[in-house]
Amino acid sequence: MKHTPGPWTVAGVSPFNVLSSDGRMIVNTGRDGSHQTSIKPPEDLANARLIAAAPELLAVLEGYVRTYPNNTRADYARAVIGKATGEK
């Protein structure tokens with residue numbers, strides 16, 4: 001299954017929502033299942049920003065692998081892509 005297309009954005013005040021380009025919620029950083037998290041707002045915002053950047057980070061890694069397929073770092077990039085996509 002493919003992820004929700006980016007770009008994703010951060011909205012709200014801690015806890016933050018990460019939203020898709022059409023406004024659907026990808027994640028709310030203040031919930032862990034049915035429990036409120038104890039993460040402080042600055043760290044919560046940093047986590048939300050990292051999550052929101054995920055589609056673009058994945059695209060950069062995929063582009064790197066296409067451009068430099070035989071580079072040693074491309075092997076690492078492929079491993080990270082596999083982790084992100086569930087393809088090991």
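## Largest pocket

The largest pocket of this predicted model has a volume of about 360 Å³. Its lining is made up of 14 residues, and those that lie nearest its centre are His3, Ala54, Leu58, Ala84 and Thr85. Two elements, α1 (41-67) and α2 (72-85), each give two or more residues to this lining, and α1 supplies the largest share of the lining, with six residues.

Sorted by class, the residues that line the largest pocket comprise nine that are nonpolar, three that are charged and two that are polar.

## Overall architecture

The protein chain holds five strands and two helices, and, read from the N terminus, these elements follow one another in the order β-β-β-β-β-α-α. The two helices thus named in the pocket lining, α1 (41-67) and α2 (72-85), stand at the end of that order, after the strands.

Of the 88 residues in the protein chain, 19% count as buried, and the chain exposes about 6500 Å², of which carbon and sulfur atoms supply 58%. Among the contacts in the protein chain with a separation of 6 or more, 29% are accounted for by residues that lie 24 or more positions apart.

## The N-terminal segment and strand β1

In the segment before β1 (9-11) lies proline 7, and the peptide bond that leads from glycine 6 to proline 7 is cis, with omega near 0°.

Strand β1 includes valine 10, a residue that is partly exposed because its relative accessible area is 30%, a value between the limits of 20% for buried and 50% for exposed residues. When its neighbours within four places in sequence are left aside, valine 10 is in contact with Phe16, Asn17, Leu45, Ala48, Arg49 and Ala52. For one of these partners, alanine 52, the separation along the chain is 42 residues, while the C-alpha atoms of valine 10 and alanine 52 are separated by 6.5 Å.

## Salt bridges

How many salt bridges does a search of the whole structure find? The search finds two, and the general background is that side chains of opposite charge can pair when their charged atoms come close.

One of them joins the side chains of aspartate 22 and arginine 24, with an N to O distance of 3.1 Å. Aspartate 22 is classed as exposed because its relative accessible area is 52%, which lies over the 50% cut-off, whereas arginine 24, at 47% relative accessibility, counts as partly exposed.

Aspartate 75 and arginine 78 also form a salt bridge, in which the closest N and O atoms are 2.7 Å apart. These two residues are three residues apart in helix α2, so about one helical turn separates aspartate 75 from arginine 78. Aspartate 75 is partly exposed, with a relative accessible area of 48%, and arginine 78 likewise counts as partly exposed, at 35% relative accessibility.

Note on methods: Residues numbered from 1 in each chain as written. Predicted model: local features only at pLDDT ≥ 70, side-chain atom pairs only at ≥ 80, totals over all residues. Heavy atoms only, no water. Helix = DSSP H or I, 4+ residues; strand = E, 2+ residues; numbered from the N terminus. Buried < 20%, exposed > 50% of the residue type's maximum accessible area, 1.4 Å probe, protein only. Contact = heavy atoms within 4.5 Å. Areas by Shrake-Rupley, 256 points an atom, 1.4 Å probe, with all protein chains shown as cover. 1 Å grid on protein atoms, 1.4 Å probe; cavity = no way out; pocket = protein on both sides within 12 Å on 5 of 7 lines; lining within 4 Å. Points joined across faces, edges and corners; volume = space filled by probe spheres on them. Nonpolar A, V, L, I, M, F, W, Y, C, P; charged D, E, K, R; others polar. Salt bridge = Lys/Arg side-chain N within 4 Å of Asp/Glu carboxyl O.
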